[in-house]
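Hi,

Here is the structure I promised to pass along. Have a look when you get a moment, and my notes follow underneath.

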Amino acid sequence: MVAKNRKQTGKSPATQTDRDKSPLVSPPGKSNVRRPGRESKAFNSSHSNGLSGIGHKLGLTPSAVAKLGITLLLAALTGYLHWHHLSQLFENDRHFSHLSNLEKEMAFRTEMGLYYSYYKTIIEAPSFLAGLHMVMNDRLTEYPLVINTLKRFNLYPEVVLASWYRIYTGVMGYFGIPTKMCWSINRGEGLTPVDSCEGMGDPAYFYVSCVFLLNGAMMSLFFIYGAYLSGSRLGGVVTTMCFFFNHGESTRVMWTPPLRESFAYPFLVLQMLLLTYILRTRNPSRTAMVALGVSNLCFMLPWQFAQFVLLTQITLGVCFILMFGNSMLLTSFYASSLVSIWVIIALRHRFAQVFRPGIVIWVMQGLAWVGSTVLLKFMLSTILCASDDAHISGLIKSKFTSYKDFHTLMYTCAAEFDFIELETPLRYLKTLLLPINMLVVALIAGRTVQDIVRFLRDGGKTADVDEAAGSESSGKGELVYHSLQLVAFTVLAVLIMRLKLFLTPHMCIMASLVCSKQLFGWIGEKSKHQIVVFALMAIMAIQGVANLQAQWGIIGEFSNLPQEELLDWIQENTLPDSVFAGAMPTMASVKLSTGRPIVNHPHYEDTGLRERTKLVYSMYSRMSGETVKRNLMKLGVDFFVLEDSWCTRRTRPGCSMPEIWDIEDPQNVGKVPLCTHMSRNSRPHFTTVFSNDIYKVLKVPKATKDLR
């Protein structure tokens with residue numbers, strides 16, 4: 001364990017000069033034992049008169065206002081608990097408060113480090129606009145190209161957080177209020193001490209805190225969502241309990257804060273809540289529709305894969321503009337699906353003339369939607385010469401056929417892109433999440449079938465439906481929507497395990513319906529119904545509490561000395577314009593912590609980048625050293641970071657890098673991989689200039705630069 005001594009309580013942003021002037025003073029009672037979590041002050045800003053005034057404006061009775069106040073209070077409590085839970089898990093796993101700035105940056109591995117690097121660029125720039133210009137004219141990420149990273153990488157969260165950070169530190173600095181506390185950390189084992197800062201004035205601390213606050217607010221939305229859908233506050237309790245009891249299957253934000261879904265998913269929850277309100281309301285207001293569009297926009301902007309979740313909305317066009325004409329949006333299955341749906345709706349009378357009313361016409365419309373969506377997507381891609389999402393089509397194709405290529409295997413060999421593991425349904429079973437959902441969906445399906453049969457028996461006549469029946473139909477409509485959404489998320493999760501992060505939370509939402517009188521009124525009076533629900537929650541808690549205890553028992557401390565040595569060596573021994581290539585996760589760290597140009601990175605959703613990465617990864621093929629050297633020369637690489645683990649690692653048969661290359665390069669099958677030769681002796685093609693237990697830096701001979 002490390003020893004941590006107080007170094008300063010300077011105002012943020014603290015400079016190195018300030019640190020040098022500050023004496024190292026140990027605070028009273030400070031030890032090498034981790035500090036317990038600080039107690040947060042609770043603030044209650046609600047006032048009875050204010051709440052009554054709001055209720056009066058909304059036309060609510062005093063009892064309704066009281067119920068609303070209790071609901072909001074419980075929602076705020078669940079949000080706080082989730083924020084605290086996430087913060088503690090993250091701290092326990094990494095001991096983040098004790099890490100140096102470099103260690104904090106290294107903790108953001110793979111694409112997390114890439115996204116965070118642009119946040120760092122903006123906050124370290126002379127001004128916000130200067131930083132924004134730098135990320136929109138980036139020269140470091142795909143050397144020698146100059147790219148607009150806002151267009152390519154869904155970086156609006158980093159832009160917003162960087163602006164907030166600059167405003168926060170500026171205001172606090174103006175009033176002389178300290179925003180962070182810094183310490184000197186004695187790491188032992190002959191290692192040099194490092195500085196560690198915590199508090200909202202620390203860039204990394206500010207970043208992850210905002211992510212956790214957003215996801216705390218998401219849990220508040222989940223409570224409101226469950227309560228609204230089920231018509232009972234107990235439904236909100238069931239939803240949040242299911243989420244906590246299945247937390248490891250519901251989110252990974254506590255381990256990977258900078259990933260895009262950490263910013264996007266809370267807005268999908270808001271979108272589905274608003275959609276539920278609209279489906280339940282006979283004449284939804286324009287405000288509700290605008291709010292739905294804004295929530296869709298906030299969901300799409302941070303995440304490149306949001307298009308695969310959404311079904312309709314006009315926000316696609318707005319997002320296309322704000323992403324500076326990102327062609328991947330325009331040629332997506334999502335855009336093609338929208339056009340197909342609009343055309344089918346416009347031609348619905350033609351369908352009615354050709355096909356018999358009822359199930360036949362619905363089936364034909366469904367087939368027309370699928371066929372036209374696929375056809376239109378490939379037509380748009382061909383006409384616009386867009387292939388940025390071709391790997392997605394290849395990934396889907398590989399799920400149903402024996403098709404595989406280099407880029408597809410780069411995905412499918414990773415566990416998160418494989419089919420869902422068999423253990424996942426078993427975990428759902430142990431917490432009763434799966435049985436409850438099966439029961440709820442069965443009841444909804446049964447009632448829906450009854451309605452369809454009644455509809456067909458009456459000849460499809462709906463003109464005489466009275467207002468009460470229409471209201472009941474709207475209620476059933478929202479339940480059918482949620483059931484279909486659950487089926488869609490199930491299909492996505494089965495095909496790609498990573499997408500169970502959509503399935504599990506939605507199952508928690510559906511579980512709230514055990515409190516619905518509409519579905520479970522047959523149990524009896526309210527008290528009997530509540531007893532059944534509490535009994536179910538008690539059974540859930542048996543495995544659920546065990547799951548939480550397992551999470552709380554994760555205690556670790558981030559340390560990556562080999563990579564720290566690598567980054568320090570690059571910083572001290574290479575020129576600022578030296579160009580690096582290597583494994584995608586490592587390149588993200590090189591860009592973030594050293595500011596050196598790189599030629600490849602982990603954001604794989606671009607045709608050009610995929611081809612550049614393929615050239616770089618030829619180092620792990622069975623090609624000749626001369627061929628690989630020429631590949632690196634084409635890219636203008638000065639140094640290649642070789643990792644022997646990438647040469648030998650094999651997640652399953654056929655998934656080591658040399659085996660993946662065998663698909664693309666069959667003529668060299670059976671030869672010793674080049675990376676094996678390089679790990680022994682890099683000459684005559686390269687020169688080893690740095691090595692440790694994990695990394696070896698190979699210098700591309702200067703003479704090759706003439707061939708660029």
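**A charged loop, and what else turned up**

D693 sits in the loop that links strand 6 (687-691) to strand 7 (695-699). Keep in mind that this is a predicted model. D693 has a relative accessible area of 78%, and the cut-off for exposed is over 50%, so D693 counts as exposed. On the surface, D693 joins E565, D568 and E572 in a patch of negative charge.

There is a patch of the opposite sign too: K67, R233, K517 and K526 come together on the surface as a positive one. From that group, K517 belongs to helix 25, which covers residues 517-520. K517 is exposed as well, at 64% relative accessible area.

Now the membrane annotation. The unreviewed UniProt entry lists "transmembrane region" at several stretches, including 204-228 and 531-552. How much helix is there in residues 204-228? That span is 100% helix and 0% strand, and its end C-alpha atoms lie 36 Å apart. Residues 531-552 also come out as 100% helix with 0% strand, with 30 Å between the end C-alpha atoms.

One last residue: is L615 buried or partly exposed? L615 is part of helix 29 (residues 607-616), and its relative accessibility of 27% makes it partly exposed. Measuring C-alpha to C-alpha in the model, L615 is 9.6 Å from N600, with the two 15 residues apart in sequence.

Cheers

Notes
Residues numbered from 1 in each chain as written. Predicted model: local features only at pLDDT ≥ 70, side-chain atom pairs only at ≥ 80, totals over all residues. Heavy atoms only, no water. UniProt positions renumbered as here; feature names shortened; annotations may be inferred. Helix = DSSP H or I, 4+ residues; strand = E, 2+ residues; numbered from the N terminus. Patch = residues over 30% accessible without salt bridge, like charges linked within 9 Å, V, L, I, M, F, W, Y side chains within 5 Å. Areas by Shrake-Rupley, 256 points an atom, 1.4 Å probe, with all protein chains shown as cover. Salt bridge = Lys/Arg side-chain N within 4 Å of Asp/Glu carboxyl O. Lys, Arg positive; Asp, Glu negative; His and termini not counted. Charge placed at Lys NZ, Arg CZ, Asp CG, Glu CD. Buried < 20%, exposed > 50% of the residue type's maximum accessible area, 1.4 Å probe, protein only.
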